[in-house]
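Here's a quick briefing to read with the model open beside you. It starts with the overall picture and then goes through a handful of spots worth a look.

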Amino acid sequence: MRRWMFFGLWILSLAAITFYGGAVSYGFFFGVSLLPLVCLGYIACVYCRFKIYQEIGSRTMVCGRPESYLFILKNEDFFAYASVSIRLFSDFSYVEDLPGDTEYELLPGDRFSFETRILCRCRGEYEVGVKEVVVTDFLGLFRVCYPNPGTVKALVSPRVISLGELKSLEEFQAVLQREASGGQDPDVVVRDYVPGDPMKQVHWKAAAREGKLKVRTRMGEEKQGIFLFCDMTRHSGDRNVYLPLENKMLEVLLALGFFLAGKEMAFSVCYGQGGLQRRQVRGMREFDAFYQEVDRVVFDPGEDCLGTLEQMLWGGVFRDGRIGLFIFHELNERIMELSGRLAEEGLLAVLYAVTDRSQEVYIRQGDGRRKVVQVPLDGVLEGVL
């Protein structure tokens with residue numbers, strides 16, 4: 001409306017010099033014609049001189065945990081800023097009590113300070129706070145939006161969710177109770193070699209007699225009865241897609257691990273990162289190291305999740321396992337076929353599908369040896385896991 005009014009005013013000035021002429025008409029015409037250039041020059045000055053100060057309490061944050069945030073708008077010039085507004089990064093972060101569409105008028109020396117909190121929704125490294133600055137001239141004819149040159153990057157770690165119970169394991173409660181009570185192998189002399197066993201424990205005579213590596217079994221050797229496996233494949237090139245997905249998958253992994261560690265149940269965590277990675281966690285005393293390792297994980301689009309799972313299956317990694325908890329982006333027939341083979345070998349399997357797409361066709365394939373649980377991307381884990 002302002003632009004149409006100004007255009008009408010310019011038409012009137014043009015008509016005045018056409019029909020009447022004279023110094024007043026020409027002065028009015030040139031004044032109206034030059035005013036847009038003055039407005040653009042004003043915006044250019046504000047663009048070059050305007051300052052934004054922002055600071056977060058710590059660049060290292062935890063997903064879902066608020067951090068202090070300081071934001072300052074300040075006019076250090078001798079002329080007024082007629083209208084300045086800001087736009088915030090809102091995809092993965094939220095600033096409390098700071099509307100992103102408010103216009104501020106700053107006279108010389110004016111200062112607006114906001115001490116509030118910022119909350120990040122997803123694990124990863126991304127920009128937070130002020131995204132863009134919008135400057136409007138004093139007549140409201142032009143509006144220029146430009147990126148904030150001093151953006152702040154936050155390094156966000158995944159959160160750990162404490163679960164009171166695991167509903168997905170209710171059917172396997174008897175096995176979990178055996179794990180909690182110590183679940184140990186019977187005292188035998190030797191057993192089959194498993195990759196990762198120390199070579200000094202190899203029983204060479206038994207190996208020569210049976211034609212395969214055998215290792216001595218210590219009295220009361222603890223079984224690695226519970227396995228956690230997580231798909232570390234990046235399934236999209238769009239950050240708006242893969243960040244929420246990867247964040248939820250790591251939340252599921254940490255929630256399961258924290259529950260088991262809190263019950264003092266030893267478990268093994270396996271995933272692919274350029275090859276099979278495997279770590280054993282023995283209760284809460286080793287959970288912090290496990291959390292730090294998960295925080296450093298980088299999802300890779302070239303990771304072959306199912307290839308890693310098949311390698312573990314053929315390598316006998318699950319041979320001594322009782323329960324396997326598997327976290328995937330989505331299920332497919334190949335995953336169901338592999339889980340069926342694991343069930344045939346005696347492993348109780350729970351498959352967690354982290355997706356909003358319906359997995360009902362696979363949920364119906366669950367039986368007494370395996371179970372499928374769908375985890376929505378925006379849903380809470382309590383009551384689902």
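**One pairing to start with**

Val134 stands opposite Cys145 in S10. That pair belongs to a predicted model, so keep in mind that everything below is computed from predicted coordinates. Overall, the protein comes to nine helices and 19 strands.

**The protein as a whole**

- Of the 385 residues in the protein, 46% are buried.
- Contacts between residues 24 or more positions apart make up 68% of those with a separation of 6 or more.
- About 19,700 Å² of the protein is exposed, and carbon and sulfur atoms supply 54% of that area.

**A four-stranded sheet and the helix on it**

- Back to the strands around Val134: S9 covers residues 130-136 and pairs with S10 in the antiparallel sense, over five bridges.
- Both strands sit in an open sheet of four, which runs in the order S6-S4-S9-S10 with antiparallel pairing.
- Strand S6 (103-106) and strand S10 (143-147) form the edges, each pairing on one side only.
- On average, neighbouring strands of this sheet are turned by 30° against each other, ignoring direction.
- Helix H2 (residues 23-49) packs on the sheet, where it touches strand S4 (81-88), S9 and S10. The direction of H2 makes about 55° with that of S4.

**Lys51 in strand S1**

- Lys51 is in strand S1, which spans residues 51-56.
- Is Lys51 buried or exposed? Neither label fits, because its relative accessibility is 32% and it counts as partly exposed.
- Leaving out residues up to four places away in sequence, Lys51 touches Ile72, Leu73, Lys74 and Glu76.
- A polar atom of the Lys51 side chain lies 3.2 Å from the backbone oxygen of Arg49.
- Gly150 is 99 residues from Lys51 along the chain, yet their C-alpha atoms are separated by 9.4 Å.

**Helix H5 and the loop before it**

- Helix H5 takes in residues 239-262, 24 in number. From first C-alpha to last it reaches 33 Å, close to the 34 Å expected at 1.5 Å a residue.
- Why is H5 described as largely enclosed by the rest of the structure? The reason is that 18 of its 24 residues are buried.
- At the start of H5, Asp238 has a side-chain oxygen that reaches to within 3.0 Å of the backbone nitrogen of Asn240.
- Just after H5 comes Glu264, with a positive phi of about 55°.
- Met232 sits in the loop between strand S14 (226-230) and H5.
- With a relative accessible area of 1%, Met232 is buried, the cut-off for that being under 20%.
- Among the residues Met232 touches, not counting those up to four places away in sequence, are Leu250, Leu253, Tyr271, Phe299 and Glu303.
- Met232 and Gly302 are 70 residues apart in sequence, and in space their C-alpha atoms are 9.6 Å apart.

**Helix H8**

- Helix H8 has twelve residues, 333-344. Its reach from first C-alpha to last is 16 Å, close to the 16 Å expected at 1.5 Å a residue.
- Buried in H8 are Ile335, Met336, Leu338, Ser339, Gly340, Arg341, Leu342 and Ala343.
- What do the buried residues of H8 pack against? They meet helix H7 (305-314), strand S17 (323-328), strand S18 (348-354), helix H9 (360-363) and strand S19 (370-375).
- At the start of H8, a side-chain oxygen of Asn332 comes to within 3.1 Å of the backbone nitrogen of Arg334.
- Gly346 follows H8 and has a positive phi, near 100°.

**Strand S18**

- S18 is largely enclosed by the rest of the structure, because seven of its seven residues are buried.
- In a regular strand, side chains alternate between the two faces of the sheet.
- In S18, Leu348, Val350, Tyr352 and Val354 point one way, while Ala349, Leu351 and Ala353 point the other way, and all are buried.
- S18 pairs with S17 in the parallel sense over six bridges. Ala349 in S18 is the bridge partner of Gly324.

Conventions:
Residues are numbered from 1 along each chain as its sequence is written. This is a predicted model: local features need pLDDT of at least 70, side-chain atom pairs count only at pLDDT 80 or more; totals for chains, interfaces and linings use all residues. Side-chain values use heavy atoms; hydrogens and water are left out. Two strands pair if DSSP finds at least two bridges between them. Helices (H or I, at least four residues) and strands (E, at least two) are DSSP runs, numbered from the N terminus. Axes are lines fitted to C-alpha atoms, for helices over the stretch in contact, and angles run from 0 to 180 degrees between N-to-C directions. Contact means heavy atoms within 4.5 Å. The expected span of a helix is 1.5 Å times one less than its number of residues. Buried means under 20% relative accessible area, exposed over 50%, partly exposed in between (1.4 Å probe, protein chains only). A polar contact is a pair of N or O atoms within 3.5 Å; within protein, one must be able to donate a hydrogen and the other to accept it, and residues adjacent in sequence count only if both atoms are side-chain atoms. Accessible areas come from the Shrake-Rupley method with a 1.4 Å probe; for residues, only the protein chains shown count as cover.
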